[in-house]
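Visitor: Could you take me through how the helices and strands of this model are arranged against one another?

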Amino acid sequence: MTARRLVRACAGLLLAVLLGSASAAGLPAPVQQALDAAHVPADSVAVWVQAVDAPKPQLQRNGERPMNPASVMKIVTAFAALDRLGPAFTWTTRVASDGPVAAGVLDGNLYLTGGADPMLSHERLERLLRQVRALGITTVRGDIVLDGSALALPPHDPAAFDGRALRPYNSGAYGLLMHFNTLQLRLVPATEGQLVGLAPYPSLTGVDIDNRIRTAPGPCGVWYGNLEAALEAGPTGSRLVLSGSLPASCGQRDWATAPLSPEAFGRALITALWAELGGKVEGAVRSGVTPGSAATLVTETSPPLAEVVHEMNKWSSNVIARQLLATLGRESGASLDMVAGGAEALRARLDADGVATAGLVIENGSGLSRIERVSARTLAEILLAAWRRPFMPEFMAALPIAGEDGTARGRLNDSPARGYAHIKTGSINGVKSFAGYVLDRNGRRHAVVMLVNHAEAGATQAAQDALLEWVWATGGTPEK
């Protein structure tokens, strides 16, 4: 046994003794103590702990109460998508034309028709357009038409949630979503007081970047807290103004912004990419609808749904969750509002699976919402249902591992329970939550959920980690 394993084993035995008692509120004593320290009453907390092979929970408090789960709602969306569509489901993007090609010239329009692919990255778009070039098309005499009509969506205001319209987490779904609607910005500190080096990716035609970020002294800390992006009108298009400071001690960092709507982002990206590949267009790059008579040239198939869910849950991608919910609506036959249709399809799927849905409210499926609600019982029943499904390995592998990766990489780092919990976490103002699986020290796995809705919810990570440790150490059964 390595020294690290020995230390963790000894710590585990001590934890089992310390965590074995329950508080008067019915919660494990360390959990209650951490809630008291955060000034959060137990009535603002919902907890559910149930072994995957048990008929009822070992511990539950306020389990039936609908609460805001923040990004833990992605577990609901992931389960419904995998259950309804299957882990091998894919999306297809198509390139078509409506005219003949001669001597490198397409005498007509070139159509890029979206299929609602959530992960149509710049790299995959480049490959697709390179194939078009390889087919002998250099010049498009008409227009390049971008067709996002695959999804029928309600209006989306990226500033509605928190007023930060240029933050990528606020981007909406779109039928031809490109590169997550995100402009990535690599920041390289320079000499203190000087502008940081900036490497944007991908190129966006018509978006000029005005970099005002200065290199600062001091510790790195929460390095992105002092960075801001704003969009202004420029002489030749839009000007993206970047301001703030980055401590030199941070070294190279990656930041991101969403300066345009998905529709406008696509036009800017394709204009730049087609030019970079040596292509020319005599008309415009514009939005439109592909006619039924257009002839398919090439297609691009997305990664399977299992990989998409992995990307969504490991890194808590809101825009992927929005795409999945809308896809559920489309595949269920909704035609006017595929987001609302997706919510209906999701609820119907849970009902059919026998999962409790009382109080369930779905707005966008991502958890970036003030009105979404789900109970700890519903989340636990989803986890238990997923455990019995053939897609269980894909579902669980998509959940971040506490202390190891994804959005849970900073949890339980110094705990013997590190690496034993696959959990989806969630956090917005007034909400902090997690749900997932914990393998206890005796090798039994448990579905574990904790939702906190309170003004001081942000201070309850210690309480949530204490619950994870308690399940790991005791198997969810306190000593009498």
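**Strand pairing and helix packing**

Guide: In this predicted model, strand S3 (residues 92–97) and strand S18 (residues 295–301) run antiparallel and are joined by 6 bridges.

Visitor: Which residue in S18 does Ala 96 stand opposite?
Guide: S3 and S18 run antiparallel, and the pairing can be followed at the level of single residues. The residue in S18 that stands opposite Ala 96 is Thr 296.

Visitor: Over how many bridges do S3 and strand S6 pair?
Guide: Strand S6 covers residues 110–113, and within this pairing Ser 97 stands opposite Leu 110 in S6. The two strands pair in the antiparallel sense, and the number of bridges is 4.

Visitor: How are H3 and H8 oriented to each other?
Guide: The axes of helix H3 (residues 73–85) and helix H8 (residues 338–352) come within 10 Å and cross at roughly 75 degrees. Angles of 65 to 115 degrees count as roughly perpendicular, and H3 and H8 are therefore roughly perpendicular.

Visitor: Which residues in H8 are met by residues of H3?
Guide: From H3 the contact involves Val 76, Thr 77, Phe 79, Ala 80, Asp 83 and Arg 84. The residues of the contact divide into 5 nonpolar, 1 polar and 3 charged. On the side of H8, those met are Leu 346, Arg 349 and Leu 350.

Visitor: What is the handedness of the crossing of H4 and H5?
Guide: The axes of helix H4 (residues 122–134) and helix H5 (residues 262–276) come within 10 Å and cross at roughly 50 degrees, and the two helices are therefore oblique to each other. The crossing of H4 and H5 is right-handed.

Note on methods. Residues are numbered from 1 along each chain as its sequence is written. This is a predicted model: local features need pLDDT of at least 70, side-chain atom pairs count only at pLDDT 80 or more; totals for chains, interfaces and linings use all residues. Side-chain values use heavy atoms; hydrogens and water are left out. Axes are lines fitted to C-alpha atoms, for helices over the stretch in contact, and angles run from 0 to 180 degrees between N-to-C directions. Angles under 35 degrees count as roughly parallel, over 145 as roughly antiparallel, 65 to 115 as roughly perpendicular and the rest as oblique. Contact means heavy atoms within 4.5 Å. Ala, Val, Leu, Ile, Met, Phe, Trp, Tyr, Cys and Pro count as nonpolar, Asp, Glu, Lys and Arg as charged, and the others, Gly among them, as polar. A crossing is left-handed if the near helix is turned anticlockwise from the far one by less than a right angle, and right-handed if clockwise. Two strands pair if DSSP finds at least two bridges between them.
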